[in-house]
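I opened this one with no background and just started looking things up. My notes follow, in the order I made them.

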Amino acid sequence: MAATTESVKADAAEAPLLNQKNIIAGASLYLVFYAWVRWYEGVYGWSAGLDSFAPEFETYWMNFLYIEMVLEVLTASILWGYIWKSRDRKVMSITPREELRRHLTHWTWLMMYGIAIYFGASYFTEQDGTWHQTIVRDTDFTPSHIIEFYLSYPIYIITGGASFLYAKTRLPTYQQGLSLQYLVVVVGPFMILPNVGLNEWGHTFWFMEELFVAPLHYGFVFFGWSALGVLGVINIELGALSKLLKKDLA
């Protein structure tokens, strides 16, 4: 039994601090998935997405909406539930090397959050403005919206929530209370999703396809900029890493 325990400790000590395969796999997952989404939009946006009363709109776009919403709820429940269920209940007693390894894993989560934020709050959001300057909407559930609001936004919300839960459940640095910086960088962009309701209500009463500088869109800008709170999280991380690197990591 003692020999087995020592073997486990030795394996942990020899394991690489940064798992580069996870970074490559995670980034590839987002890039390949969004490349497929963009292909789907390019093919079926024009051929089946211009008339919301057409049968093909229901087939290719409303069904897409229903499926993605179900999958997002399931993904969030399973991923967040797993991170919480498997939390380290003795996190304050982990070795410096293990703590450093977890910090680098946390950075991997932050990188994935950055990729997801880019596609949601930048790429597909800017594309949406172009779409509505070209095609006058006849429904709130346009092909552009189905991808932007109800796919890319929930994906970055799920990723950001997972990053926060990982830090909270596995890193001593985040054990005391709640990090204001982390709340800003996760809750702020999350609030873009409720702001969609205000946006759609406004577009119902005012014809503004697509005037980004209109006050109706200020909420998107304000909450989008809250993603810059990640600089505060990085500041916390640098402080924690600096202390760890001064310790014996054996």
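Entry one. I began with Tyr34, skipping its neighbours within four places in sequence, and found it in contact with Phe119, Phe124, Ser152 and Ile155. Contact here means heavy atoms within 4.5 Å.

A note to self on the source: this is a predicted model, where local features need pLDDT of at least 70 and side-chain atom pairs count only at pLDDT 80 or more, while totals for chains, interfaces and linings use all residues. Residues are numbered from 1 along each chain as its sequence is written, and side-chain values use heavy atoms, with hydrogens and water left out.

Entry two, the core. Tyr34 turned up again: along with Trp61, Tyr156 and Tyr182 it has the most contacts inside the largest nonpolar core, which has 40 residues. By nonpolar core I mean a set of buried Ala, Val, Leu, Ile, Met, Phe, Trp, Tyr and Cys residues joined through side-chain atoms within 4.5 Å. Buried is under 20% relative accessible area, exposed is over 50%, and partly exposed is in between (1.4 Å probe, protein chains only). Among the helices that each supply at least two residues of this core are H2 (20-48), H3 (55-85), H4 (96-134) and H5 (143-170). H5 gives the most, with 11 residues. Helices (H or I, at least four residues) are DSSP runs, numbered from the N terminus.

Entry three, H3 against H5. How do the axes of H3 and H5 cross? They come within 10 Å and cross at roughly 5 degrees. The two helices are therefore roughly parallel to each other, a label for angles under 35 degrees. The axes are lines fitted to C-alpha atoms over the stretch in contact, and angles run from 0 to 180 degrees between N-to-C directions. I sorted the residues of the contact of H3 with H5 into 20 nonpolar, three polar and three charged. Nonpolar covers Ala, Val, Leu, Ile, Met, Phe, Trp, Tyr, Cys and Pro, charged covers Asp, Glu, Lys and Arg, and the others, Gly among them, are polar.

Entry four, His145. This residue sits in helix H5 and, at 0% relative accessibility, counts as buried. Not counting residues up to four places away in sequence, His145 touches Asp128, His132, Arg137, Asp140, Tyr150 and Glu200.

Entry five, Glu126. Buried or exposed, or in between? Glu126 lies in helix H4 and counts as partly exposed, at 47% relative accessibility. I also checked Glu148: it is 22 residues from Glu126 in sequence and 9.6 Å away in space, C-alpha to C-alpha.

Definitions and conventions
Angles under 35 degrees count as roughly parallel, over 145 as roughly antiparallel, 65 to 115 as roughly perpendicular and the rest as oblique.
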